[in-house]
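Please examine the protein shown below. The report that follows describes its domains, the contact between them, and selected side-chain pairs.

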Amino acid sequence: MVHDVTIVGGSYSGISAGLQLARARRKILVLDAGQRRNRFANHSYGFLGQDGRDPGAIASEARAQLLAYPTVEWLSQPAVQAKTGDGGFVVTIENGQQFATRRLILATGVVDELPEVPGLSERWGQRVFHCPYCHGYELHGGQIGVLAASPLAIHHALMLPDWGPTTLFLNEVFEPDADQLANLTRRGVTVVAEPVLSVGGEQADVTLASGRVIKLAGLFTQPRTRMGSPLAAQLGCEFEAGPTGEFIKVDAMRETNVSGVFACGDAAIGAGNVAIAVGDGARTGCAAHQSLMSR
């Protein structure tokens, strides 16, 4: 059987894209490796109608709603290869099975690469975050830290005083210029140049190289990101530089430079947020459907 659309990635953007296509009565296949980016967090915030819910529960309920449509097939298998085929594409999954499809949506997400600071990865998604809009409010105005992993830390540090008193730990990553220092002062941000030795405690307490401990309610950092799948590169999709790493380049209709290949969610937009991913997936599913009508 040739599917109308195969969606690689069954997290928020992929399910959202699939829902639009299922409601258009198109035959779709979802291939999912089961590695949601926010699997480390217990709560998802800022998503209309779902504020504060378990992100896994949101994804499970969304999957059940999608699978209620009779034209949807779901395989919990990672896609390992994609290539152009006769009138479309051929996708190979981990067990060697191949599937032909007319259109392809890459909702493959990204992988976060955290700074190598002891104690940081263990608290990722719990007390160490990257999105102030997702987790800042729940720190209840407590002391907030920003661990610099790139010059993007200045953006974090200038935002976060709206959520609580903020300390920027430069950690020998970069040196703010005079204008940046003036803006940090204006926003009331404390700047600490001393290197960070570790992160520990019940929350996210920072231990400096001198042994001094600064107690925090939460800590934000800027992980580097890399593609969660090799498929876009295999297909010859173009990439563009984003604030934390490369992203799949798409046009206004969410289509890549490879005709018939679309991309959505964190793999194609530099914002790790459930609400944005869902909206982007909906746009992409509609665009893929419209391409099936016109080509």
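## Domains

Into which domains is the protein chain divided? In this predicted model, domain 1 takes in residues 3-112 + 224-294, and domain 2 covers residues 115-221. Domain 1 is thus written as two segments of the chain, whereas domain 2 is written as one. A distance of 32 Å separates the C-alpha centres of domain 1 and domain 2.

## The contact between the domains

Domain 1 contributes 11 residues to the contact, and domain 2 contributes nine residues. Together the two domains bury about 870 Å² between them, and 55% of this area is on carbon and sulfur atoms. Which three residues supply 50% of the area that domain 1 buries against domain 2? They are Phe40, Tyr45 and Gly272, and no other three residues of domain 1 supply more.

The side of domain 1 that touches domain 2 can also be described by residue class: four residues are nonpolar, five are polar and two are charged. Despite the presence of charged residues on that side, the count of salt bridges between domain 1 and domain 2 is zero. One residue pair in polar contact is found across the interface.

## Salt bridges

How many salt bridges does the rule count in the structure? The count comes to 10. Arginine 26 forms a salt bridge with aspartate 4, and their closest N and O atoms are 3.8 Å apart. This distance satisfies the rule because the cut-off for a salt bridge is 4 Å. Arginine 26 is located in the loop between helix 1 (12-23) and strand 2 (28-31), while aspartate 4 belongs to strand 1 (residues 2-8); the pair therefore ties together parts that are 22 residues apart in sequence.

## Aromatic pairs

The structure contains two aromatic pairs. One joins phenylalanine 129 and phenylalanine 220, whose ring centres are 5.5 Å apart. Why is this pair described as tilted? The planes of the two rings stand at 50°, and tilted pairs are those that are neither under 30 degrees nor over 60.

Phenylalanine 129 lies in strand 8 (residues 128-129), and phenylalanine 220 lies in strand 15 (residues 218-221), so the pair ties together parts that are 91 residues apart in sequence.

## The ends of helix 5

What caps the N-terminal end of helix 5 (residues 178-186)? Aspartate 177 does so, with a side-chain oxygen 3.2 Å from the backbone nitrogen of aspartate 179. Just after helix 5, glycine 188 adopts a positive phi of about 75°.

Technical notes. Residues numbered from 1 in each chain as written. Predicted model: local features only at pLDDT ≥ 70, side-chain atom pairs only at ≥ 80, totals over all residues. Heavy atoms only, no water. Domains from an automatic or database assignment. Contact = heavy atoms within 4.5 Å. Buried area = accessible area lost by both parts, 1.4 Å probe. Salt bridge = Lys/Arg side-chain N within 4 Å of Asp/Glu carboxyl O. Polar contact = N/O pair within 3.5 Å; in protein donor to acceptor, adjacent residues only side chain to side chain. Nonpolar A, V, L, I, M, F, W, Y, C, P; charged D, E, K, R; others polar. Phe/Tyr/Trp six-rings, centres within 6.5 Å; stacked < 30°, edge-to-face > 60°. Helix = DSSP H or I, 4+ residues; strand = E, 2+ residues; numbered from the N terminus.
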